[in-house]
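Please look over the structure shown below with the following briefing at hand. The notes are grouped by topic for reading alongside the coordinates.

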Amino acid sequence: MTPRKIIIDTDPGQDDAVAILLALASPDEIEVLGITCVAGNVPLDLTTRNARIVCELAGHRDMRIFAGCDRPLGRKLVTAEHVHGKTGLDGPDLPDPTMALQDGHAVDFIIDQLRDHAPGTITLCPLGPLTNIATALQKAPDIAKRIAKIVLMGGGCFEGGNITPAAEFNIYVDPQAADIVFKCGAPIVVMPLDVTHKALVTRARNDAFRALGTAAGVAVAEMTDFFERFDKEKYGSAGAPLHDPCVTAYLVDPDLFNGRHINVEIETQSELTMGMTVADWWRVTDRPPNATFMGDLDADGFFALLTDRIGRL
Ligand code: BDR
Ligand code: CA
């Protein structure tokens, strides 16, 4: 099987880091053309730093990493140090990166890659606010038809929100961008909180990462150790939810997930529900489906895959 070409658009973040590691550990299924960074969990200077740290941890110093948008399209940047720590990657003690960022803007890289490759051959994998992807679509509307698929982490339906009662963080940070992406016409697969809150790192799952005994395995255990304190305190959950790795796990084994092809609209007007993903799960409207919205996950299968692949790094 030819590996699927992807661009990872990200704001690392410990869970973004695990998503990237999973992709880099799966070369038979995934070819990462480049990593584009956006402001989100922490400001852009830190997300570009963290993406490089993660690639160096995985032994991929040759990965192309680009800086992108440093703020949402029309709102002030909201960050999440309360979840991810001051650096965005708190937990493990990892060395400062030495690999360079690429010249050029992340948005131009996305546009150029989509134009340079045959239509329908590049999958976009956004793991943060959708600012880079929306900016690319605004700047070069022709790329929408060339995108094979957008597989993104964002939103929630029955789980509600995690940054406001109604909104999930990635969509809340840049609702305008999310609105552009959900309306762009490309096939979209959504990993909402309904799924990612089932991807919980329990003690046994964390021990399995640590027991790999490799630099990547131990770093993943230490990242989730740090990351879990927030969700345990706030939601009383059993461990850290690995939101973003759901995206890359889907590329390796889509059968781990179950969802519905439905209409999803983004709230961009009301301050009260700003950034809400209004997902027509029960198909109570005649609005046309525009996304496959996942609702369930085989959590044991997901962690078996993750542990196996992280162990290969
Ligand atoms: C999303 O927000 C970030 O904090 C995580 O990295 C993930 O992408 C979860 O709401
Ligand atoms: Ca993220």
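**Helix H11 and its surroundings**

Thr248 has a relative accessible area of 1% and is therefore buried, since buried means under 20%. This is a predicted model, and the points below take up Thr248, the packing of its helix and a calcium ion in turn.

**Thr248**
- Thr248 belongs to helix H11, and, leaving aside residues up to four places away in sequence, Thr248 touches Ala19, Leu22, Ala23 and Ile30.

**Packing of H11 with H12**
- The axes of helix H11 (residues 245-252) and helix H12 (residues 299-310) come within 11 Å and cross at roughly 90°, which means that H11 is roughly perpendicular to H12.
- On the H11 side the contact is made by Pro245, Cys246, Ala249 and Val252, while H12 contributes Phe302, Leu305, Leu306 and Arg309.
- Sorted by character, the residues of this contact between H11 and H12 comprise seven nonpolar, no polar and one charged.

**The calcium ion (ligand 2)**
- The protein donors of the calcium ion (ligand 2) lie 2.2 to 2.6 Å from it and are Asp11 (OD), Asp16 (OD), Asp16 (OD), Leu127 (O) and Asp244 (OD).
- Along the chain, the donors of the calcium ion (ligand 2) follow the spacing D-x4-D-x110-L-x116-D.
- Distant parts of the chain are linked by the pair Asp16 and Asp244, which are 228 residues apart, with Asp16 in helix H1 (residues 14-24) and Asp244 in the loop between strand E8 (240-241) and H11.
- Asp16 counts as buried because its relative accessibility is 0%, and Asp244, with a relative accessible area of 1%, is buried as well.

Technical notes: Residues numbered from 1 in each chain as written. Chains lettered and ligands numbered in written order. Predicted model: local features only at pLDDT ≥ 70, side-chain atom pairs only at ≥ 80, totals over all residues. Heavy atoms only, no water. Axes fitted to C-alpha atoms, helices over the stretch in contact; angles between N-to-C directions. Helix = DSSP H or I, 4+ residues; strand = E, 2+ residues; numbered from the N terminus. Parallel < 35°, antiparallel > 145°, perpendicular 65-115°, else oblique. Contact = heavy atoms within 4.5 Å. Nonpolar A, V, L, I, M, F, W, Y, C, P; charged D, E, K, R; others polar. Donors = N, O, S within 2.8 Å, 3.2 Å for Na, K, Ca; no water. Buried < 20%, exposed > 50% of the residue type's maximum accessible area, 1.4 Å probe, protein only.
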